[in-house]
Amino acid sequence: MSSTTTATTATTPAEQTGAHTDEAAALIGGARERIDALDDRIIGLVQERMAVSAVIQEARITSGGRRVNLSRETAVLSHYRDALGKPGTALAMTLLELCRGRV
């Protein structure tokens with residue numbers, strides 16, 4: 001015996017957002033558009049940070065230094081933790097990982 005599942009597509013704004021009223025759906029829709037725009041800006045800033053980090057790493061390596069400066073990374077981790085709490089540390093670790101080894 002086999003069963004097939006059919007996906008239902010949300011059709012109304014309320015169904016698309018999970019809201020129970022059209023007013024709430026409109027608010028959520030607008031807020032989601034703002035979040036999408038913020039995410040695009042954040043991605044651009046991360047890409048810019050990666051490029052700047054590559055310049056720093058190149059200068060450090062060219063001068064005979066190491067690719068990574070652990071005291072600087074510790075300062076970055078502390079900065080994010082102080083600003084955002086424990087999840088900030090995880091965010092900083094992800095940023096540092098993205099920015100390492102691009103040279």
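**Exercise 1. What percentage of the 103 residues of the protein chain count as buried?**

Solution. Before starting, note that this is a predicted model, in which local features need pLDDT of at least 70 and side-chain atom pairs count only at pLDDT 80 or more, while totals for chains, interfaces and linings use all residues. Residues are numbered from 1 along each chain as its sequence is written, and side-chain values use heavy atoms, with hydrogens and water left out.

Step 1: take the cut-offs, by which buried means under 20% relative accessible area, exposed over 50%, and partly exposed in between, with a 1.4 Å probe and protein chains only.
Step 2: apply them to the protein chain, where 16% of the 103 residues count as buried.

**Exercise 2. Describe the helices and strands of the protein chain.**

Solution. Step 1: helices (H or I, at least four residues) and strands (E, at least two) are DSSP runs, numbered from the N terminus.
Step 2: the protein chain has four helices and zero strands, and its pattern along the sequence reads α-α-α-α.

**Exercise 3. Find the salt bridges and state how exposed their residues are.**

Solution. Step 1: a salt bridge is a side-chain nitrogen of Lys or Arg within 4 Å of a carboxyl oxygen of Asp or Glu, and a search of the whole structure finds two.
Step 2: in one of them E73 pairs with R100, with the closest N and O atoms 2.7 Å apart; this pair links distant parts of the chain, since E73 lies in helix 3 and R100 in the segment after helix 4, 27 residues apart.
Step 3: E73 is buried, because its relative accessible area is 12%, whereas R100 counts as partly exposed because its value is 27%.
Step 4: D82 forms a salt bridge with R81, the closest N and O atoms being 3.9 Å apart; D82 is exposed at 63% relative accessible area, and R81 is partly exposed at 40%.

**Exercise 4. Describe the largest pocket and its lining.**

Solution. Step 1: on a 1 Å grid over the protein atoms alone, a pocket is an open set of points where a 1.4 Å probe fits, with protein on both sides within 12 Å along at least five of seven lines, and lining residues have an atom within 4 Å of a point.
Step 2: the largest pocket has a volume of about 270 Å³, and of its 15 lining residues the closest to its centre are R49, S53, I56, R60 and R72.
Step 3: helix 2 gives the most to this lining, with six residues.

Technical notes: Grid points are joined across faces, edges and corners, and a volume is the space filled by probe spheres set on the points.
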